[in-house]
Amino acid sequence: MTLPRKHRGAWGPGLVLAFGLFGALHCHAQAQARPATANPGKATLTITVPGDGEHLIRFLPSKDAEQPDQLPIRFLDRTKQVSYDLAEVGKQARVAVDDPRTGDSAIRPLTGPHAPRNGVLDLKAPDFDHVRQVDVAVTYDRKPVSLARVSLAPADAKPRTVVLDPAKQGVATYEDVPMGRARVTVLYGDGLSQSQDVEVVSGHAPGPLKISVAVANRVPTVEPTSPSAEPSAGEARKPGEPVGASSSAPAAREAGGGFTGWLGTLLGMAVGAGAIYLLYRWYASGGMAATLKKAGIEVSGPTADSSQQTPWTPNAPAPPVVADPDLCQFCGQRRDADGQCACSAVPGSGAAVAAAPGMAQPRLVGTAGQYSTAVFPLSGVMTLGREATNSISLHEDNTVSRRHAVVREEDGAYVIADEGSSNGVYVNGVRITGPQPLRPGDEVQIGGTRFRFEA
């Protein structure tokens with residue numbers, strides 16, 4: 001349509017004014033809507049815990065996080081409100097609440113069907129179903145293993161692997177481990193492998209949950225370091241200074257002078273004089289000559305008074321000192337042509353060792369693991385396991401099954417058998433598959449604990 005020439009001047013300014021007014025209204029609408037959508041990932045979360053006390057809040061970022069390193073938030077009350085940004089922690093991030101007193105944690109996702117509703121996370125005691133840190137100590141002959149690959153596979157979760165080197169002192173550390181049964185697999189040596197089931201449970205001592213795994217085959221180890229050998233916090237070691245030395249050593253030497261130093265010297269001299277006096281009394285009584293003579297060393301000196309030689313027997317008679325190779329080192333009786341005596345089983349007969357009259361009661365003596373130095377006397381039928389109903393309860397060892405093994409007496413001899421345990425029973429480093437006779441000195445491994453059979 002073509003407007004008449006006389007109306008063209010009136011329509012032009014009107015159209016310009018209309019388009020200008022429409023553009024202004026559109027920009028105003030966008031400016032009003034922009035603050036509501038400026039940061040859609042910003043959110044607030046209110047967390048409630050079962051009781052008062054110290055708790056820590058950690059945001060566990062996902063792979064798409066812009067700021068993966070988040071500082072934990074500490075609070076002491078039952079309720080704490082925190083803010084977070086999904087762009088910083090990631091769209092698949094999780095939140096963890098730690099209880100330092102128990103070492104347990106509650107972990108929940110921030111998004112998805114299991115996320116907190118309406119920005120509120122109300123935690124109960126059963127929600128703390130993770131252990132903050134689990135330390136798996138791998139040893140051989142009670143020393144840390146030097147090189148190994150340790151995998152921890154919780155139920156319904158992916159295995160986690162840690163490679164051990166000498167600097168880690170045989171300890172593999174895992175964080176945020178779900179509670180329940182898990183399987184530890186150790187690869188070491190020249191293609192050697194050892195697996196055992198463990199229980200990741202609450203109620204352990206404050207700090208990390210410690211699990212011991214003693215491998216059965218020889219493997220290189222490292223000498224354990226003493227915590228006191230390292231410098232204290234804030235104290236740097238001087239270049240070339242050996243481990244364990246510190247700048248406080250001169251001060252310590254100075255502190256040992258004066259009256260304190262003289263007192264230590266006098267005490268040392270008194271202890272030395274007492275030791276010399278005891279040695280003299282031993283020599284004068286003839287005890288030294290008698291002991292050396294039993295060891296096969298002929299010496300001259302006062303003879304012991306046989307009327308006063310009453311052996312000290314707190315629980316059972318001590319085994320005699322035997323220097324003659326033809327005599328048994330356990331009971332002192334003479335061996336037969338095959339090298340056996342009355343307290344030993346005939347090789348190949350399948351019978352266990354019977355206790356000779358007058359000897360100590362058969363027992364298991366702990367040599368490594370949680371029950372090192374513990375002594376368990378044996379009689380009749382004895383069950384071993386983690387449950388308290390067992391004759392010998394090994395409840396402190398998480399690698400022991402509820403009913404792990406049984407030791408029973410058969411015709412005055414002792415036999416050990418596996419009761420269907422997860423990690424098996426080892427005698428002298430070999431896993432048994434049926435009833436196994438026990439002889440004095442045999443090493444028995446149950447879970448992470450080693451025992452020596454004595455009879």
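**Figure 1. Asp127 and Arg108 in the predicted model.** In this predicted model, the side chains of Asp127 and Arg108 are joined by a polar contact of 3.1 Å. Asp127 belongs to the loop that runs between strand 7 (120-122) and strand 8. With a relative accessible area of 18%, Asp127 falls under the 20% limit and therefore counts as buried. Apart from residues up to four places away in sequence, Asp127 touches Ser105, Ala106, Arg108 and Asp122.

**Figure 2. Arg142 and its contacts.** Arg142 is found in the loop between strand 8 (130-140) and strand 9 (143-144). The relative accessibility of Arg142 is 56%, which is over 50%, so this residue counts as exposed. The side chain of Arg142 reaches the backbone oxygen of Thr367 at 2.8 Å. When neighbours within four places in sequence are left aside, Arg142 is in contact with Thr367, Ala368 and Ser372. Between Arg142 and Gly369 there are 7.4 Å in space, C-alpha to C-alpha, although the two are 227 residues apart in sequence.

**Figure 3. The hairpin of strand 10 and strand 11.** Strand 10 (residues 148-154) and strand 11 (residues 160-164) run antiparallel and are joined by five bridges. Across this pairing, Arg149 of strand 10 stands opposite Val163 in strand 11. Five residues lie between the strands of the hairpin. In this hairpin, Asp156 takes a positive phi near 60°.

**Figure 4. An open sheet of five strands.** The strands of this open sheet follow the order 19-18-20-21-24, and their pairing is mixed. Strand 19 (392-393) and strand 24 (436-437) stand at the edges with a single partner strand each, so one side of each has no neighbour in the sheet. Strands of a sheet pair through backbone hydrogen bonds, in either a parallel or an antiparallel sense. Strand 18 (residues 381-385) pairs with strand 20 (residues 405-410) in the antiparallel sense, over four bridges. Thr383 stands opposite Val406 in strand 20.

**Figure 5. Two stretches with pLDDT under 50.** Over residues 33-38, pLDDT stays under 50, and the model has zero contacts for them beyond four places in sequence. Residues 242-256 also have pLDDT under 50 throughout. For residues 242-256, the model has 13 contacts beyond four places in sequence. The chain has a mean pLDDT of 77, and 67% of its residues reach 70 or more.

Note on methods:
Residues are numbered from 1 along each chain as its sequence is written. This is a predicted model: local features need pLDDT of at least 70, side-chain atom pairs count only at pLDDT 80 or more; totals for chains, interfaces and linings use all residues. Side-chain values use heavy atoms; hydrogens and water are left out. pLDDT is the predictor's confidence in each residue, from 0 to 100. Contact means heavy atoms within 4.5 Å. Two strands pair if DSSP finds at least two bridges between them. Helices (H or I, at least four residues) and strands (E, at least two) are DSSP runs, numbered from the N terminus. Buried means under 20% relative accessible area, exposed over 50%, partly exposed in between (1.4 Å probe, protein chains only). A polar contact is a pair of N or O atoms within 3.5 Å; within protein, one must be able to donate a hydrogen and the other to accept it, and residues adjacent in sequence count only if both atoms are side-chain atoms.
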